Amino acid sequence: MRIVFLLCACASVIAVLMICRFIFVNGIPAISEIGFENFIFGRVWKPKQEMFGIFPMIVASIYVTAGAIIVGVPIGIFTAVFMAYYCPKPLYKIVKPMVNLLASVPSIVYGFFCLVVIVPVIQKLTDTSGKGILTASILLGIMILPTIVNTAEASLRAVPNQYFDGALALGATKERCIFRVVIPAARSGILSGVILGIGRAIGETMAVVMIAGNQAILPESITSGVRTLTSNIVLEMGYASGLHRGALIGTAVVLFVFILIINLCFSIVTRKKEG
């Protein structure tokens, strides 16, 4: 069994290395040909004129992901606290499967739901097309909830009961015990869930394509239509060739670096907190 486990671990590592090799081998030459500065900080994306500036897509991805964090993280953590410490057992048997069901819904279904339900509401409230950063942030905030809720709840339940009981014995209220003792003790696991949620938010494609507006321009407000890095790839990869295809794979390189930076920051923060 030790050999079986080792082979499984090696398979995962090999898969990641193969993906990294593909995107870097095909993306780096294109970025070099276009020019790093022109590619990263260029504000115009016109493949037919060989203008490949992805700065608007970078900004859009950051805005949409930040919006998803603002919407999803507080709701996810508070939901996990409710399920771990306040939820009655009969209600828990209903809430838990519903949260898990959210994780199994295809992203295209989320996108269609948002297109039919949320977009018209945003249209009436803002007098715009309804497709933009705000709508995408709300949708992604909903989509990352299962990841954050399940991970945070498991982390809270993993904290020894003595922490909670000891704080109660010292005279703290239940809420103070949870937010000043239990949650800090479960910080590492909760942050892991947040990072996984951010990874899903920044990497989501099909749902965002349907409701973000898909405009490769710098956004002027939270209701502006935008095109994220993932949307840019999926919209044009089907017919791209030559330098255009290389630029799209270079976009994947930038996306990969973003996720790598997020994970490194998480590791640094976790080590400082544990230290």
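**A walk through the helices, from ring to pocket**

Let's start at phenylalanine 24, which counts as partly exposed with a relative accessibility of 29%. Keep in mind as you look around that the model is a predicted one. The partner to look for is phenylalanine 256, which is likewise partly exposed, at a relative accessible area of 27%. Both values fall between the 20% below which a residue is buried and the 50% above which it is exposed, so the label "partly exposed" follows.

What does the whole structure hold in the way of aromatic pairs? A search finds five of them. Phenylalanine 24 and phenylalanine 256 make up one such pair, with 5.6 Å from centre to centre and 90 degrees between the planes, an edge-to-face arrangement. Along the chain these two residues are 232 residues apart: phenylalanine 24 belongs to helix α1 and phenylalanine 256 to helix α13, so the pair links distant parts of the chain.

A second pair shows another geometry. The ring centres of tyrosine 85 and phenylalanine 164 are 5.4 Å apart and their planes meet at 25 degrees, so this pair is stacked. The cut-off that matters here is 30 degrees, under which planes count as stacked. Because tyrosine 85 sits in helix α3 and phenylalanine 164 in helix α8 (residues 161-169), the pair ties together parts that are 79 residues apart in sequence. The two partners differ in their surroundings: phenylalanine 164 is buried, with a relative accessible area of 14%, while tyrosine 85 counts as partly exposed at 22%. Move one residue along to tyrosine 86, and you will find the charged end of lysine 174 sitting over its ring, 4.3 Å from the centre.

Now step back for the overall frame. The protein has 13 helices and two strands, and its C-alpha atoms fill a box of roughly 70 × 55 × 35 Å along the principal axes. Of its 275 residues, 40% count as buried.

Helices α1 and α13, already met through their phenylalanines, come up again at the largest pocket. Its volume is about 160 Å³. Which elements each supply at least two residues of its lining? They are α1 (2-34), α2 (36-41) and α13 (243-274). Helix α13 gives the largest share, with five residues. The lining consists of Ile28, Ile31, Phe36, Ile40, Ile58, Val253, Val254, Val257, Phe258 and Ile261. How does this lining divide by residue class? It has 10 nonpolar residues, with no polar and no charged ones.

There is also enclosed space to find. The count comes to one cavity of 30 Å³ or more, and the largest cavity holds about 50 Å³ of space. Around it you will see Ser61, Val64, Thr65, Leu140, Ala201, Ile202, Glu204, Val208, Thr228 and Thr230. Helices α3 (55-86) and α10 (187-203) each contribute at least two of these residues, and α3 has the largest share, with three. By class, the lining of this cavity is mixed: five residues are nonpolar, four are polar and one is charged.

A look at the loops brings us to glutamine 215, which lies between α11 (206-211) and α12 (229-236). Glutamine 215 counts as partly exposed, at 37% relative accessibility. Measured off in sequence, so to speak, alanine 252 is 37 residues from glutamine 215, and the two C-alpha atoms are 18 Å apart in space.

Finally, the cysteines. A disulfide is a covalent bond between the sulfur atoms of two cysteines. How many disulfides does a search of the whole structure find? The number is zero. Cysteine 8, for example, takes part in none: the nearest cysteine sulfur, in cysteine 10, is 9.3 Å away. Two sulfurs would have to lie within 2.5 Å to count, so that distance rules the pair out. Cysteine 8 is partly exposed, at 48% relative accessibility. Why is cysteine 177 without a bond to cysteine 87? The sulfur of cysteine 87 is the closest cysteine sulfur to that of cysteine 177, but the 20 Å between them is too far for a bond. Cysteine 177 itself is buried, with a relative accessibility of 0%.

Definitions and conventions
Residues are numbered from 1 along each chain as its sequence is written. This is a predicted model: local features need pLDDT of at least 70, side-chain atom pairs count only at pLDDT 80 or more; totals for chains, interfaces and linings use all residues. Side-chain values use heavy atoms; hydrogens and water are left out. Buried means under 20% relative accessible area, exposed over 50%, partly exposed in between (1.4 Å probe, protein chains only). On a 1 Å grid over the protein atoms alone, a cavity is a set of points where a 1.4 Å probe fits but cannot get out, and a pocket is an open set with protein on both sides within 12 Å along at least five of seven lines; lining residues have an atom within 4 Å of a point. Grid points are joined across faces, edges and corners, and a volume is the space filled by probe spheres set on the points. Helices (H or I, at least four residues) and strands (E, at least two) are DSSP runs, numbered from the N terminus. Ala, Val, Leu, Ile, Met, Phe, Trp, Tyr, Cys and Pro count as nonpolar, Asp, Glu, Lys and Arg as charged, and the others, Gly among them, as polar. Rings of Phe, Tyr and Trp (its six-membered ring) pair if their centres lie within 6.5 Å; planes under 30 degrees apart count as stacked, over 60 as edge-to-face and the rest as tilted. A charge sits over a ring if NZ of Lys or CZ of Arg is within 6 Å of the ring centre and within 35 degrees of the ring normal.
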